[in-house]
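Here's a walk through one model, written for someone who would rather look at helices than read tables. Keep the viewer open as you go.

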Amino acid sequence: MNRRTVVLAVAVVLTVVWSIFPIYWMLNISLMNEPDVLNRPPNWVPNPLTFNHYTSIIGWTKELSRIVSGQEQSIRRGIVNSFIVGTSSSLIAMALATLGAYAFARFQFRFKGGYFFMLLLSRMLPPVSIIVPYYLIFSRSHLVGTHVGLIITYVAALIPINIWLLLGIFSSLPIEVESSARVDGCGRLKTYSSVVLRMASAAIISMGLLAFGTIWNDFTYAQLIAAGSPAQTLQSSISGLFAHYVVFSLTGAAVTIGMVPSIILIIIFGRRITQLRGLGSMTLREAA
Amino acid sequence: MVHLSDSKFALAIIVPIMVLELALTAYPILYSLYTSFTNMNIMTFSSGGTFIGLANYVEAMNDPLVIEAIGVSLLFTALVLSMSIPMAIGLGLLLNEDFPGRVIVRCIVLLPWFVSEFISGVTWRILTHEAYGTFNGILYSLRIIGQYQAWVKPDTALFMLSIAYVWHYAPFGAFFVLAALGSINPESYQAAKIDGAGAFRRFRSITLPHIRYSLIIVLILTTMYALTSFDIIYAMTEGGPGTLTQTLTWLLYREHFANKQYGYAAAVSFVLMILVIVIASVYFIILRRRRK
């Protein structure tokens, strides 16, 4: 072993510890009983191991009695809401974005460049600067604290970036297949659904999954539109855990559950994302 | 089925999408601009408030809290940049090396970026907790500290906040650097080595020019994100202790949701937007000059 190898190995180990330790620690405390979390010095592995927090969040076991009750229920509802909002928004957004990208990629119409520019420009603003009016407008139209309010927000947030990315993909598809489908008597919508969507399906599914991750991870919009309401998402319900006395082990469990989609996405895309350059623009926050 | 011409078919798709997008961006911005010229608050919300001209902006510019918040936002951004840019370069260079398990290490390093900013903040809040925090525990176990102590205290709060932000955000920069490093031809290093260039020289004259463009993008995006970040403050410090980590974003959130001063909050949000635009313009002017 030469010096270079040793330096490299040390650097890799330090980097891995820095990246993974905070995540490991949340998992660690989530598998402990609350009194064990408070041990000095702390336990490096949960001993005794307990899955109580997870089972009570799912609802298999009774809620643990605490000063503040209803926390498990709030987390459970947050998970369900995040799924409802995340799934429906990403499906609607991808349906509209693929249609939009198809229109931009294949047809000529007046002010095409202008529409496209406006579409991209509309998402250049920092989210905090539009969040103030959102609350006021949404509360006038009774959308505050509703799933619909969240879904509308996310669909609108996701469409521009996905149209932009899809445009590149659609333009690279061979147009001959579409032309022959049209000659065979397929309408435009039929061509779109049976030819274009099918040819680009892998990319569309990937983008849909990333869109879901973006929504799952969003806090700003979720908090300002639906905090404390029956529609509040997981991120908001985690913030609710800090309102009173903090139960570390339960918070750790909620945080760990909140990280699961991120971990799944990195497993799916990690290998490819380190090779693709174009996806760099698809940062989780940029899309939201 | 009705027969539409190609251009009408396309417009039938595009126009509704544009309406949705503008309804949720242009309309809110204009509404917010209007609100910032009124005294709208929780009491006057239903009537729409009365027009008071630039009074909110004048008040904001004379508000010591706003001035302090601008300072905190800028300092936070500076702290984040000073840590995350060197880290992005370091991580990028490291992940570009060839070693067993490289793909897995790359995934692990990128993972914090995939974790939400809010959850990152909550995680670091627990890690740095003064009574039960993990850092206390580790340092105590290693006998570096004799007793548990507060890490997020007046003189360190903003620093801890930026460390948490860097944990979440530096992998994003590393990813860009890594992508740029991939485009360098390894032979140019060999050639430089043969010519007797040392490691530092090779970095300066081969690596840096290749990743410069990516670094500028990372610099601009990190600045924008750090200036407008909100989730991490909510998760970790809630603006405290006192107002020491109260950024402009947190101030406008407080004005809107705690004090219910909608007009004033809207004016502060435009102050923030102007700040972002000014800094972005400074970057672009410097870039232009450099190119000439």
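What follows starts with confidence and overall build, then turns to the helix packing and a few loop residues.

## How far to trust it

Keep in mind that this is a predicted model. The scores are ipTM 0.90 and pTM 0.91. For chain B, the mean pLDDT comes out at 88, and 99% of the residues in that chain reach 70 or more. As a reading rule, predicted coordinates should not be read in detail where pLDDT is low.

## Chain A at a glance

How many helices and strands does chain A have? The count is 14 helices and 0 strands, so following DSSP runs along the sequence just gives α-α-α-α-α-α-α-α-α-α-α-α-α-α. Take the C-alpha atoms along the principal axes, and chain A fills a box of roughly 75 × 65 × 35 Å.

Chain A has 288 residues, and 45% of them are buried. Among the contacts in chain A with a separation of 6 or more, 73% are between residues 24 or more positions apart.

## Where the chains meet

The contact between the chains draws 66 residues from chain A and 71 residues from chain B. On the chain B side, the largest share comes from helix α1 of chain B (residues 6-24), which puts in 13 residues. By class, that side of chain B splits into 52 nonpolar, 13 polar and 6 charged residues.

## Two helix pairs across the interface

Start with helix α1 of chain A (residues 3-30) and helix α5 of chain B (residues 102-114). Their axes come within 9 Å and cross at roughly 45°, which makes α1(A) oblique to α5(B). The crossing of α1(A) past α5(B) is left-handed. From α1(A), the residues involved are Val12(A), Thr15(A), Val16(A), Ser19(A), Ile20(A) and Ile23(A), and they meet Val105(B), Ile108(B), Val109(B), Leu111(B) and Pro112(B) of α5(B). Sort the residues of this contact by class and you get 9 nonpolar, 2 polar and no charged.

Now for helix α6 of chain A (residues 127-140) and helix α2 of chain B (residues 26-36), whose axes come within 8 Å and cross at roughly 90°. α6(A) and α2(B) are therefore roughly perpendicular to each other. On the chain A side you'll find Ile130(A), Val132(A), Pro133(A), Tyr134(A), Leu136(A) and Ile137(A), which meet Pro28(B), Ile29(B), Tyr31(B), Ser32(B) and Thr35(B) of α2(B). The class split for α6(A) with α2(B) is 9 nonpolar, 2 polar and no charged residues.

## A helix pair inside chain A

Within chain A, have a look at helix α8 (residues 175-183) and helix α9 (residues 188-199): the axes come within 10 Å and cross at roughly 145°. α8(A) passes α9(A) in a right-handed crossing. Val177(A), Glu178(A), Ala181(A) and Arg182(A) make the contact from α8(A), with Thr191(A), Val195(A) and Val196(A) on the α9(A) side. Here the residues divide into 4 nonpolar, 1 polar and 2 charged.

## Loop residues in chain A

Asn47(A) and Pro48(A) are joined by a cis peptide bond, with omega about 0°. Pro48(A) sits in the loop between α2 (34-37) and α3 (52-58) of chain A.

Phe111(A) is another one to click on: phi is positive, about 60°, although Phe111(A) is not a glycine. You'll find Phe111(A) in the loop between α4 (71-106) and α5 (112-121) of chain A. Is Phe111(A) buried or exposed? Phe111(A) counts as exposed because it has 11 other C-beta atoms within 10 Å, and the cut-off for exposed is 12 or fewer.

## Loop residues in chain B

Glu238(B) also has a positive phi, near 50°, in a residue other than glycine. Glu238(B) is placed in the loop between α11 (231-236) and α12 (248-258) of chain B. Its 16 C-beta neighbours inside 10 Å make Glu238(B) partly exposed.

Gly198(B) lies in the loop between α9 (186-194) and α10 (199-227) of chain B. With 10 other C-beta atoms within 10 Å, Gly198(B) is exposed. Gly198(B) and Leu74(B) are 124 residues apart along the chain, and their C-alpha atoms are separated by 37 Å.

Methods:
Residues numbered from 1 in each chain as written. Chains lettered and ligands numbered in written order. Predicted model: local features only at pLDDT ≥ 70, side-chain atom pairs only at ≥ 80, totals over all residues. Axes fitted to C-alpha atoms, helices over the stretch in contact; angles between N-to-C directions. Helix = DSSP H or I, 4+ residues; strand = E, 2+ residues; numbered from the N terminus. Parallel < 35°, antiparallel > 145°, perpendicular 65-115°, else oblique. Left-handed = near helix turned anticlockwise from the far one by under 90°. Contact = placed C-beta atoms within 7 Å. Nonpolar A, V, L, I, M, F, W, Y, C, P; charged D, E, K, R; others polar. Buried ≥ 20, exposed ≤ 12 C-beta atoms within 10 Å, placed from the backbone. pLDDT = per-residue confidence, 0-100.
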